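Thanks for passing this one along. I went through it with the viewer open, and my notes are below in case they help as you look.

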Amino acid sequence: MIVKIRKPKLSDAKPLQELINDKTVLKQISGYPYPCPLSRMKKDVRDGIKGWETGKSYSFTILADNETAGSIILENPNKDNGCYDLGFFVGRKFWNKGIATEAIRQIIKFGFKDLKLYRIQADNDSDNPASGKTMKKAGLKLEGIRKKYLKKNNKYIDLQFWGITK
Ligand SMILES: CC(C)(COP(=O)(O)OP(=O)(O)OC[C@H]1O[C@@H](n2cnc3c(N)ncnc32)[C@H](O)[C@@H]1OP(=O)(O)O)[C@@H](O)C(=O)NCCC(=O)NCCS
């Protein structure tokens, strides 16, 4: 399977909305309603395109054998624009094929080579081991754990912090 990341296009909104409109996916992403309307994804894609112009964020659509499989982003730059937060999702039908791992590798390369970043960071809830595993496989290091950081379904969840530096 060939995994590529490319700048978002407005026509990505529909396939991305279909992939994200899934309770299992949204359980691990904050800030999205369920069901997630197409209008919300259209706004996100427009914001993503604008982010490239302002440098506020760099989002990419993930393609697996040329099919839209998810989205990945560098966002929330720090004060000197040398460090960004990483976020990503892959639609459920594409899980466990190495797609997120490969997309993370590619966005890290872009961040260090093209944006000249010195650090990329991310976090995941401890009830989402697949996310931690993809980051580890792509070269991020586990830097710390905030114990009992949030409560989900009446259970305390830790938050794991990941980072990679140049
Ligand atoms: C996390 C996510 C992006 C992973 O995408 P993916 O393309 O399936 O990831 P990969 O195939 O590259 O790697 C997944 C790894 O996790 C492992 N994995 C999957 N479910 C797991 C589980 N419940 N426990 C432990 N490991 C698990 C897989 O076996 C695989 O590891 P392996 O290659 O060593 O076998 C995808 O599940 C997703 O979009 N989830 C919802 C949104 C989300 O969590 N985003 C990240 C927020 S921090």
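The points below go from the whole chain to its helices, then to the ligand and one strand residue.

1. **What kind of model this is.** Please keep in mind that this is a predicted model. The chain is made of 5 helices and 7 strands. Going along the sequence, you will meet them in the pattern β-α-α-α-β-β-β-α-β-α-β-β.

2. **Overall dimensions.** The radius of gyration of the chain is 15 Å, and this agrees with the value near 15 Å that a compact globule of 166 residues would have. Laid along its principal axes, the C-alpha trace spans about 40 × 40 × 30 Å. Of the 166 residues in the chain, 33% are buried.

3. **Contacts across the sequence.** Taking contacts between residues at least 6 apart in sequence, 58% join residues at least 24 apart.

4. **Helix α1.** Have a look at residues 13-20, which form α1; its buried residues are Ala13, Leu16, Leu19 and Ile20. They lie on the same side of α1, because the arc they cover around the axis is only 130°. The general rule is a handy reminder here: an α-helix has 3.6 residues a turn, so residues three or four places apart point the same way. As for what packs over the buried residues of α1, the cover includes α2 (23-26), α3 (38-54), β3 (67-75) and β4.

5. **Helix α3, length and inner face.** The 17 residues of α3 should span 24 Å at 1.5 Å a residue, and the end C-alpha atoms are indeed 24 Å apart. Buried in α3 are Met41, Asp44, Val45 and Gly48. Seen down the helix axis, these buried residues fall within an arc of 95°, so they line one face of α3. Their cover includes α1 and β2 (58-64).

6. **Helix α3, outer face and end.** Turn the helix round and you will find Ser39, Lys43, Lys50, Glu53 and Thr54 exposed on the other side of α3. After the helix comes Gly55, with a positive phi near 80°.

7. **Helix α4.** This helix has 15 residues and reaches 21 Å from its first C-alpha to its last, close to the 21 Å expected at 1.5 Å a residue. The buried residues of α4 are Ile99, Ala100, Glu102, Ala103, Ile104, Ile107, Ile108 and Gly111. Note that Glu102 is in that buried list.

8. **Around the ligand.** Which residues come nearest to the ligand? Of the 20 around it, they are Gln28, Trp95, Ala100, Thr101 and Ala130. The elements giving two or more residues to this shell are β4 (83-90), α4 (99-113) and α5 (129-137). The most come from α5, which gives 5 residues. Sorted by class, the shell has 10 nonpolar, 8 polar and 2 charged residues. Ala100 links this point to the previous one, as it is among the buried residues of α4 and among those nearest the ligand.

9. **Leu159 in strand β7.** Finally, Leu159 sits in β7, residues 155-165. Is Leu159 buried or partly exposed? It counts as partly exposed, because it has 15 C-beta neighbours inside 10 Å. Leaving out residues up to four places away in sequence, Leu159 touches Asp123, Asp125, Arg146, Tyr149 and Leu150. The C-alpha atoms of Leu159 and Asn124 are separated by 5.8 Å, although the two residues are 35 apart along the chain.

Conventions: Residues numbered from 1 in each chain as written. Predicted model: local features only at pLDDT ≥ 70, side-chain atom pairs only at ≥ 80, totals over all residues. Near = placed C-beta within 6 Å. Helix = DSSP H or I, 4+ residues; strand = E, 2+ residues; numbered from the N terminus. Nonpolar A, V, L, I, M, F, W, Y, C, P; charged D, E, K, R; others polar. Buried ≥ 20, exposed ≤ 12 C-beta atoms within 10 Å, placed from the backbone. Arc of directions from axis to C-beta. Contact = placed C-beta atoms within 7 Å. Rg over C-alpha atoms; globule rule 2.2 N^0.38 Å. Expected span 1.5 Å × (residues − 1).
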